[in-house]
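Okay, thanks for squeezing me in. I'll put the model up and then just walk through it.

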Amino acid sequence: MSIMTIAELALWQSSDFGFTLLDVRRAQKRHAEGDEIAGGRWLDPASWLDWKDEFEAASQPVVLYCAHGHEISQGLTAALRAMGADARHLAGGIEAWRQAGHPVARLGQGPQRS
């Protein structure tokens, strides 16, 4: 299955397991919320055709998250998996991550507890 739970992501972050974390929220939503899951990299979902090939033959898993874990992260995960990438989306997105009490980082700053 291509779903990652909040607990699984927390475990991966606390271990030495190599993976790429991608924030694929729309730019406006991301800036309005002002935070991100630490260690992530933002990629504009509207420009996915420009960056998708970077992950086609990635040597490590890719975890995508959006605001609520619905259309954006699920659709991009499916596209990357169809290309052969080991991709999965975060169930519930960053909203579920915050609600579980995991730390977030203010955009441009260090981690903070939610």
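Let me start with a question: how many residues apart are E95 and R98 in helix α5? They are three residues apart, with α5 running over residues 93-99, so about one helical turn separates them. That is the usual helix arithmetic: at 3.6 residues a turn, residues three or four places apart point the same way. And the two side chains do meet, in a salt bridge with 2.9 Å from N to O. Keep in mind that this is a predicted model.

How exposed are the two partners? E95 is partly exposed, at 25% relative accessible area. R98 comes out at 17%, so it goes down as buried, the cut-off being under 20%. The pair also belongs to something wider: through salt bridges that share partners, E95 and R98 are joined with D23, R25, K29, R30, E33, D35 and E36 into one network.

Staying with charges for a moment. Searching the whole structure turns up 12 salt bridges. One of them is R41 with E54, where the closest N and O atoms are 2.6 Å apart. That pair links distant parts of the chain, since R41 sits in strand β4 and E54 in the loop between α3 and β5, 13 residues apart. R41 is partly exposed at 35% relative accessibility, and E54 is partly exposed too, at 44%. Then there's D86 with R88, closest N and O atoms 2.4 Å apart. Here D86 is partly exposed, with 34%, whereas R88 counts as buried at 18%.

Now the sheet. What order do the strands take? There are five of them in an open sheet, running β1-β6-β5-β2-β4, with parallel pairing. Which strands stand at the edges? Those are β1, residues 3-4, and β4, residues 40-42; each has a single partner strand, so one side of each is left without a neighbour in the sheet. So R41, the salt-bridge residue from before, is in one of these edge strands, β4.

Further in, β2 (residues 20-23) and β5 (residues 62-65) pair in the parallel sense over four bridges. If you want a register mark, D23 stands opposite Y65 in β5. D23 is also one of the residues in that salt-bridge network.

On to what packs on the sheet. Helix α4 does, touching β5 and β6, and its direction makes about 170° with that of β6. A good residue to click on in α4, which spans residues 71-82, is T77. T77 is buried, with a relative accessible area of 0%. What does T77 touch? Leaving out residues up to four places away in sequence, its contacts are S2, L64, A87, R88 and H89. R88 we've met already, as the partner of D86.

Next, helix α1, residues 6-14. Which of its residues are buried? I6, L9 and W12. They cover an arc of only 125° around the axis, which puts them on the same side of α1. The face turned away from that buried side carries exposed residues, namely A7, L11 and S14. And what do the buried ones pack against? β1, β2, β5, β6 and α5.

W12 takes us to the aromatics. How many aromatic pairs are there? The count comes to three. In one of them, the rings of W12 and F17 have centres 4.4 Å apart and planes at 50°, so the pair is tilted, neither under 30 degrees for stacked nor over 60 for edge-to-face. W12 is buried at 15% relative accessibility, while F17 is partly exposed at 41%. Another pair is W51 and F55: their ring centres lie 5.9 Å apart and their planes are at 85°, so that one is edge-to-face. Both rings belong to buried residues, with W51 at 7% and F55 at 3%. And W12 and F17 have company, as they form one aromatic cluster with F19.

So, to wrap up, W12 is the residue I'd leave you looking at: it is buried in α1 along with I6 and L9, and it belongs to the cluster with F17 and F19. That's my bit, happy to go back to any view.

Conventions:
Residues numbered from 1 in each chain as written. Predicted model: local features only at pLDDT ≥ 70, side-chain atom pairs only at ≥ 80, totals over all residues. Heavy atoms only, no water. Helix = DSSP H or I, 4+ residues; strand = E, 2+ residues; numbered from the N terminus. Buried < 20%, exposed > 50% of the residue type's maximum accessible area, 1.4 Å probe, protein only. Contact = heavy atoms within 4.5 Å. Phe/Tyr/Trp six-rings, centres within 6.5 Å; stacked < 30°, edge-to-face > 60°. Pairing = 2+ DSSP bridges. Axes fitted to C-alpha atoms, helices over the stretch in contact; angles between N-to-C directions. Salt bridge = Lys/Arg side-chain N within 4 Å of Asp/Glu carboxyl O. Arc of directions from axis to C-beta.
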